Amino acid sequence: MDFRSSDPSGPSGTDLLPATAATAVKVVIVGGFGVGKTTLVGSVSEIRPLTTEETMTRAGAEVDDATGVERKTSTTVAMDFGRISISDELVLYLFGTPGQQRFWFLWNGLFEGALGAVVLVDTRRLEVSFDVIGRLEERGVPFVVAVNTFPESPSYPIDELRAALDLPDEVPIVGCDARSRGASRDVLLALMRYLYTLST
């Protein structure tokens, strides 16, 4: 496994938690196989992200449905981890989950203590998001839906997406390019605003 960190001898100065940080929040990034979770964590993290990417094997191809993501060559087998400071005082710890159902047993530990979640979806394969959203609803974890804009993805009105995903009116749906730090940060801010409205 590729447990990448910034320096094997310890964190660099840029990786240290800001001295002004007063509140740390755990956020989980979830979604189906190949929707861009690792990309989002990597693009928005202010530290070099830890990933557990493994090369996809022929044996795995017989288990995992790669329809629509045939060019994908690696996959997360445990989690992704990153960090972003939303302000001088507020820091988010980001945990990206594996997308394949055979790794979903890891979700129990990853969701421990999480304040909320981002569900990343691909409009070419909305069906891979159904079970993910169902699991969050069963757990009572508040979440926002981020629609990752792949170049060949069809675009749908928000109300059609909401109906297709069977989402309540209050759950935010936002657009996102997971490769963009700014767009990914906006998704996290949308989650923070949503959590704030729920708390008040």
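Is P49 buried or exposed? I began my notes with this residue and looked up its accessibility in the predicted model. P49 has a relative accessible area of 17%. Buried means under 20%, so P49 counts as buried. I located P49 in the loop between α1 and β2 (53–55). I then looked up its separation from F95, which lies 46 residues away along the chain. The C-alpha atoms of P49 and F95 are 10.0 Å apart.

**Entry: the chain as a whole**

I noted 6 helices and 8 strands in the chain. Their order along the sequence is β-α-β-α-β-β-β-α-β-α-β-α-β-α. The chain has 200 residues, and 45% of them count as buried. I looked next at contacts between residues at least 6 apart in sequence, and found that 76% of these join residues at least 24 apart. The accessible surface of the chain amounts to about 10,000 Å². Carbon and sulfur atoms account for 53% of that surface.

**Entry: aromatic rings**

How many aromatic pairs does the structure hold? I recorded 2 aromatic pairs. In one of them, F81 and Y93, the ring centres are 5.9 Å apart and the planes meet at 15°. Planes under 30 degrees apart count as stacked, so the pair of F81 and Y93 is stacked. This pair links distant parts of the chain, with F81 in strand β4 (residues 80–85) and Y93 in strand β5 (residues 90–96). The two residues are 12 places apart in sequence. I also checked the accessibility of Y93, which is 24%, so that Y93 counts as partly exposed. F81 and Y93 form one aromatic cluster together with F95.

I then looked for charges over rings. The charged end of K26 sits over the ring of F95, 4.7 Å from the ring centre. The charged end of R124 sits over the ring of F150, at 4.3 Å from the centre of that ring.

**Entry: T123**

Where is T123 placed? I found T123 in the loop between β6 (116–121) and α4 (130–139). Its relative accessibility is 7%, so T123 counts as buried. I set aside the neighbours within four places in sequence and listed the remaining contacts of T123: V147, S153, P154, Y156 and L161. P154 deserved a further look. T123 and P154 are 31 residues apart along the chain, yet their C-alpha atoms are separated by 6.2 Å. The side chain of T123 reaches the backbone oxygen of P154 at 2.7 Å.

**Entry: helix α5**

Which residues of helix α5 (residues 158–165) are buried? I listed L161, R162 and L165. L161 also appears above among the contacts of T123. Viewed down the axis of α5, the buried residues fall within an arc of 100°, so they line one face of the helix. The face of α5 turned away from the buried side carries D159 and A163, which are exposed. I looked up what covers the buried residues of α5 and found that the cover includes α4, β7 (143–148) and β8 (173–176). Just after α5, D166 takes a positive phi of about 55°.

**Entry: helix α4**

I turned to α4, where V132, I133 and L136 are buried. These residues cover an arc of only 95° around the axis, which puts them on the same side of α4. Just after α4, G140 takes a positive phi of about 75°.

**Entry: helix α1**

What covers the buried residues of helix α1? I first listed the buried residues of α1 (residues 37–44), which are K37, L40, V41, S43 and V44. The cover over them includes the strands β1 (23–31), β4, β5, β6 and β8, and also the helix α6 (181–199). Two of these strands were met above in the stacked pair, since F81 belongs to β4 and Y93 to β5.

Note on methods. Residues numbered from 1 in each chain as written. Predicted model: local features only at pLDDT ≥ 70, side-chain atom pairs only at ≥ 80, totals over all residues. Heavy atoms only, no water. Helix = DSSP H or I, 4+ residues; strand = E, 2+ residues; numbered from the N terminus. Buried < 20%, exposed > 50% of the residue type's maximum accessible area, 1.4 Å probe, protein only. Contact = heavy atoms within 4.5 Å. Polar contact = N/O pair within 3.5 Å; in protein donor to acceptor, adjacent residues only side chain to side chain. Phe/Tyr/Trp six-rings, centres within 6.5 Å; stacked < 30°, edge-to-face > 60°. Lys NZ or Arg CZ within 6 Å of the ring centre and 35° of its normal. Areas by Shrake-Rupley, 256 points an atom, 1.4 Å probe, with all protein chains shown as cover. Arc of directions from axis to C-beta.
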